[in-house]
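Biologist: Could you take me through one part of this model in close detail? I'd like to hear about the sheet and whatever packs on it, with a quick stop at a helix pair afterwards.

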Amino acid sequence: MNNFRRVGRGRVNQNAPVEFTFDGATYQGYEGDTLASALLANGVHLVGRSFKYHRPRGILAAGSDEANALVAFDRGPGRVTPNVRATTLELFDGLTAQSQNNWPSLKFDVTSLNDVFSAFFPAGFYNKTFMWPKSFWDKVYEPVIRATAGLGPAPKAEDPDKYEACYAHCETLIVGAGPAGVAAALAAAKQAGRVILVDEQAEPGGSLLSTPEAMIDGLPAADWLARSLDELEKAENVTLMPRTTAIGYYHDNFLGLAERLTDHLKDGEADGPRERLYRVWAKKIILATGAIERPLVFAGNDRPGVMLASAAQTFLNRYGVAVGERIALVTSHDSGYQAAFDLADANSQIVSIIDCRPQVDENLQAEAEKRGIEVRVGWTVTATAGRHRVSSVTTNKVNGDQVDPKGETLSCDAVIMSGGWTPSVHLWSHSKGSLKWREDLAAYVPDQANENAVCVGACNGDFGLGVALETGANAGGGNDSFEVVEPAPWTGDGALEILPTHRDESRVKAFVDFQNDVTAKDIRLAVREGFKSIEHIKRYTTTGMATDQGKTSNLNGLQIASRALNRPVTQVGLTTFRPPYTPTTFGALAGNNGGAAFDVVRKTSIDGWAEENGAVFEPVALWRRARYFPQKGEDMHKAVARECKATRESLGIFDASTLGKIEVVGPDAAEFMNRMYTNPWTKLGVGRCRYGLMLGEDGYIMDDGVIGRLAEDRFHVTTTTGGAPRVLAHMEDYLQTEWPDLDVWLTSITEQWAVIALNGPNARKLIEPFVEGVDLSPDAFPHMAVRECKVCGVDARLFRVSFSGELGFEINVPAHYGRALWEMLYEAGKQYDITPYGTEVMHVLRAEKGFIIVGQDTDGTVTPYDAGMSWAIGKKKTDFVGMRSLARPDIVAEGRKQLVGLKTSDPKTVLEEGAQIVMTPDQPIPMDMVGHVTSSYWSETLGCSVALALVANGHALKGETIYVPMPDKMIKAEIVETIFYDKQGERLNVI
Amino acid sequence: MMMIECPICNEKRPELEFRYAGEAHIARPENPSALSDDEWAKYLFIRNNPRGTHFERWVHAHGCAKFFNAVRDTVSDKFVMTYKCGEQRPSPETIAERSS
């Protein structure tokens, strides 16, 4: 099987065969292989179908820059990872992977008809084609596009793996363990301070792993590497992290490192988390991220078997795999030659070196001649052939600007190409380091640093082993020099992206972005259609927008655009590099915050009782609250009606623990309250409560709640459930920054107190026997009173307040007594048919009374006047937060939306919250909308619906008829007062 | 992630612990009622949006819970310095010295 394996070559363990499955077929590879190298060893080049045209695709690269060979890596249910690059997938015994994006099979893909009809799929095709009819947008176009486009399918089962997150700190973080990074680490290891060296590959070494002929200090590169890694392993201040990708570089030398721990292990061997995300702070960052070889752009450059020359060199020297037996090299750069020489030396035939430059270094030509390889200087490639693998390449002579139309067709089974090198400046750019264009490299290289960072080696545009080692060592704080022998040293000159052709360029498919199927003609079309900025060209053609983020394609695309625009590259712009460097799993990003820890739910101490008693919950801010307690056979409507009735007629019990609570304490507490709330506080007696209204400085209602004065210098403030942190921050802000002279302390006590609300005519009768030290008679303990006392022997704060309109008490006890007290009251309340109710009934009861909910009946643009709450403003006050704004011209102007009640003509009709309101029913659409419904419920007590609404000039429109247009009908309603039930408030006075 | 020096804790702590709180050195008028509508609107709504040095408020929300002031360069997005509420706005010389 392994007829492309070269015995004795490479670093894989040729004594350790492993079996793997690709698309259902079983193959053999060796320990140390990647899926890509093992497939190539078996002569498999066709590994996938392309994104848009479903063209057969092979393996382009040998590392994380791979654009084509994306596979679904299958580790069992819930463990299918789509879009994994075959070139980074480490082989193990039993590995299973599938090709993607084909139907019904890889070799026969029906959707490859897209390729035949590709003239209909130009750049911007989606935007141009699926315009009309509009009714097709979501019914036809989107489902069809979604079904045929896209890459691998997302797994459907829940991910059973564990992920971890942790922090790390070091003095020097080195990214990339190639020659530059290793030299940097060796030097840094000798200094004081912690060093972390990360590398995305399983084996550190970078280019040293695929250049066996290079010599460093008299040792073969691989031996020097082994010695160096050994030294680093032994150094106590060095942490070496293979299989770890630096995915992003953020402010203040903060990097994200994604470490892959188990994907390379056999089933059953894995123990512990699958991946770990490190957040690292480093004093200094050394980027030794290397460079990525650029493909050449020519017709048919995407056929399986066409790949980067450096990739072929890596497959041969690192994995012992020849990518073909008869190989053509197409190059515009010196660096491609060594790959051809290595392959020739490993008994592959190099059918020709096609170099499109007019001149080529004589030494290289001599080396080729020595091996009997033909070199065509000044030739181009105008076509390739072969269905599932390249079978020939057509080459033509270039004379000046002219391409000889008479080409020669060379038979081959692989084409390797080299279009120069692109320094990997991704991380550098994340850190906002600037870039400069180097014409000789035809690439951007790092310029000015923004953080304490330095780029060394190829990622800095410094090519060559010697300079990589020396600049690396230098950056690490050393001044070592290295004696280096390289078989074929080269510099950067000679990069060229698109090969000349005699054919009509608007008809040939010369691919720029392999993963998103963008061709050179797509980019030219975008320019013809008026796109000038590379950011727009990128989005219109989608070049560089695939999962590889254009690692191999961006600079080619940029230069083609530059030529089409006839403007220098530096004026066309450069698209932004964004994290992550390579695709990162959601698991790694979520870390420990999966499952129940993903979005932590706050629960009250009484929550368990509600759960055991069948409550239906709803989220309120971060809390979950019981919404209603359905009995057997009840839907929400029936349950709510029953709970309402029971509370109004006898007794309801409600968990109000989530109410925000803040204690305001100190000699200046009353003065502080005067300034923070609209109401006056100075004269509020100890033991009394008042409804407090809080405004923002802009005059709009921000929060509200009942506030009790426990002592001259102590207020127990309640806030809305969701508003508690906001109110505390608002208070702290004013206290600390505007009035630091006030002697006041603020403490959040929300979680210290459980709150049980009892509402209904029998509330007093129920609690009386449990309360010690307070005379609960109406005169001694009137509505809006508060006492510190004992309830069931526990310290309590007892409020007589009502958010329901009924006689009501709120008992605050230390939170851990909440459930015990609840259960005692519930047991004792059975004689009054005590009924637990949830937030839904709380809402209905308060709406019947016209009490607002801040955030539901107000939306941040409602003043106390708008809400009909002028009574809450202290008339004698000269200042409070928001007071001056209440006199602003816009706030006193006519026509503001004001809170009113609505009574539907048909009492059974319940309006929809959020529905728009109009004054007349027969208007053309869009109608003149004058307001909207803010609260709306069925009132079991009143036998009709009740609603609150914000309506322009609403206060002056009492008695007027308004209309609520719905898709199927027009609802008629009358504007009424906001209080629907017990307008005199007599129900509070039950004896 | 930015590291921010809390001038109360005297420690550099990660950005996660802090919350931004708008432009600094905008004192609430002593007697808002005495202000004209325009003056009040200016206090309420008008803020600087400079390219370069910006004086701003931060609160160490998940630390000491104290508000403090900072000088940040909006171009480089780097903190030049932080200082306590009530302290004078740093002079251009101080800022230049700290920036270098």
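Modeller: Here is the sheet, followed by the helix pair. Keep in mind that this is a predicted model. The sheet is an open one of seven strands in chain A, with mixed pairing, and its order reads S42-S43-S44-S45-S41-S35-S46. At the edges you'll find strand S42 (771-772) and strand S46 (835-836) of chain A; each has a single partner strand, so one side of each goes without a neighbour in the sheet. Now zoom in on strand S43 (residues 785-791) and strand S44 (residues 794-800) of chain A: these two run antiparallel and are joined by seven bridges. If you want a spot to centre your view on, A:Arg787 sits opposite A:Leu798 in S44(A). Then there's helix H22 (residues 818-828) of chain A, which packs on the sheet. H22 touches strand S35 (652-655), strand S41 (753-759), S43, strand S45 (808-814) and S46 of chain A, and the helix direction makes about 20° with that of S41(A).

Now for the helix pair. Helix H12 (residues 520-528) and helix H13 (residues 534-541) of chain A pack at an angle of about 120°, their axes 10 Å apart. H12(A) and H13(A) are therefore oblique to each other, and H12(A) passes H13(A) in a right-handed crossing. On the H12(A) side, A:Asp522, A:Ile523, A:Ala526 and A:Val527 make the contact, meeting A:Ile537, A:Tyr540 and A:Thr541 in H13(A). Sort the residues of that contact by character and you get five nonpolar, one polar and one charged.

Terms used. Residues numbered from 1 in each chain as written. Chains lettered and ligands numbered in written order. Predicted model: local features only at pLDDT ≥ 70, side-chain atom pairs only at ≥ 80, totals over all residues. Heavy atoms only, no water. Axes fitted to C-alpha atoms, helices over the stretch in contact; angles between N-to-C directions. Helix = DSSP H or I, 4+ residues; strand = E, 2+ residues; numbered from the N terminus. Parallel < 35°, antiparallel > 145°, perpendicular 65-115°, else oblique. Left-handed = near helix turned anticlockwise from the far one by under 90°. Contact = heavy atoms within 4.5 Å. Nonpolar A, V, L, I, M, F, W, Y, C, P; charged D, E, K, R; others polar. Pairing = 2+ DSSP bridges.
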